Amino acid sequence: MAYIGAIHIHSSYSHDSKDSLETLHARCVERGIRFLGMTDHAEDLNEEIFKTYVQHCNSVSDGRVKIIPGLEYRFAGLKGMHLFALGLTEWIDPQTPEQFFEQTRDTAQMTVLAHPILPKYTIPQVVLDNVDAIEVWNAGYNTRYLPDPKAIEIYRSIQNRRDGVFATVGLDQHDSENDRELRIELPTVTDDPIATIRRGQFKNVGKTMKFDSQANFSKVGFSSLKLARAAFDVIERTQDKTARAIRGRNTGR
């Protein structure tokens, strides 16, 4: 029996998110989601709040849904370059990516580079050398319809140099009323979903496609994805320009 979860989830512990952990649990029950990999904004917590957060995640978890604590970090001078730690058990406060990897070594189960499109695919070498996974499909920045071919290419460049790195999808969810439907599918029920993901034993599932933890596409399939992504992005940019023009007319600008 497949075991379905989602990662890159924010709760009301983050300043820009509205859902309590209890609300997230209820949504998961409704949608058949069995585990959540939380990634609340580290800058919104401190050591004391983090301890409460971990206890809260544990208390809300039950046999139906497991809420796994984790945090998302950003770094001065590296705009848009975010890293998240899944299965984080202790408070850490890294100021640089180097410190992030040093401090997560014994405190987190897995590290992930979030939405490579946001830093315009400019990724520090220390991240490429140490991160456990690349988020190749972020529902917020890539939409629910197609993954990011450029992110997949970054992932493949790392994969060619070292083993044990994987490609993931992430909801980047701040409001559970808007479910963008990206999921992590494990082959069986487990008490430790993040450990299973860390071993690469999962599939990435989206609205339009499913692919494995190594983002394996045929040459034809990947070429088709790049073409579809390019066409979709053109349509989306056109819609954005039209929407801005309409708003401008309505406001007299």
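Mentor: Two strands count as paired if DSSP finds at least two bridges between them. Keep that in mind for the sheet, and note that this is a predicted model.

Trainee: Okay. In what order do the strands of the open sheet run?

Mentor: The order is 3-5-6-7-8-9, six strands in an open sheet with mixed pairing.

Trainee: Which ones are the edge strands?

Mentor: Strand 3, residues 40-41, and strand 9, residues 166-170. Each of them pairs on one side only.

Trainee: In what sense do strand 7 and strand 8 pair?

Mentor: Parallel, over two bridges. Strand 7 covers residues 110-113 and strand 8 covers residues 133-138.

Trainee: And what stands opposite V112?

Mentor: A133, in strand 8.

Trainee: Which strands does helix 3 lie across?

Mentor: Helix 3, residues 97-104, lies across strand 5 (70-73), strand 6 (83-86) and strand 7. Its angle to strand 6 is about 5°.

Trainee: Changing topic. Where is Q173?

Mentor: In the loop that joins strand 9 to strand 10, the latter being residues 183-186.

Trainee: Buried or exposed?

Mentor: Q173 is buried, because its relative accessibility is 6% and the cut-off for buried is under 20%.

Trainee: What does Q173 touch?

Mentor: Leaving aside residues up to four places away in sequence, Q173 touches H8, I9, H10, L24, R31 and N178.

Trainee: H8 is on my list of backbone oddities. What is its phi?

Mentor: H8 has a positive phi of about 65°, and it is not a glycine. Most residues other than glycine have a negative phi. H8 sits in strand 1, residues 3-9, and is buried at a relative accessible area of 0%.

Trainee: What about A215, what is the phi there?

Mentor: Positive too, at about 45°, and again the residue is not a glycine. A215 is in the loop between strand 12 (210-212) and helix 7 (219-251). With a relative accessible area of 1%, A215 is buried.

Trainee: Now charges. How many salt bridges does a search of the whole structure find?

Mentor: The search finds 14. One of the pairs is D62 with R64, whose side chains meet at 3.1 Å, N to O.

Trainee: How accessible are D62 and R64?

Mentor: Both are partly exposed: D62 has a relative accessible area of 34%, and R64 comes in at 49%.

Trainee: What is the N to O distance for R183 and D179?

Mentor: That salt bridge is 2.6 Å, N to O. R183 and D179 are both buried.

Trainee: And K210 with E185, what is the distance there?

Mentor: Their side chains meet in a salt bridge at 3.4 Å, N to O. K210 lies in strand 12 and E185 in strand 10, so the pair ties together parts that are 25 residues apart in sequence.

Trainee: Is each partner buried or partly exposed?

Mentor: They fall on either side of the cut-off, because buried means under 20% relative accessible area. K210, at 46% relative accessibility, counts as partly exposed, whereas E185, at 18%, counts as buried.

Trainee: Last one. Which residues are linked in a network of salt bridges?

Mentor: K18, R27, E30 and E177 are linked that way.

Conventions
Residues numbered from 1 in each chain as written. Predicted model: local features only at pLDDT ≥ 70, side-chain atom pairs only at ≥ 80, totals over all residues. Heavy atoms only, no water. Helix = DSSP H or I, 4+ residues; strand = E, 2+ residues; numbered from the N terminus. Contact = heavy atoms within 4.5 Å. Axes fitted to C-alpha atoms, helices over the stretch in contact; angles between N-to-C directions. Buried < 20%, exposed > 50% of the residue type's maximum accessible area, 1.4 Å probe, protein only. Salt bridge = Lys/Arg side-chain N within 4 Å of Asp/Glu carboxyl O.
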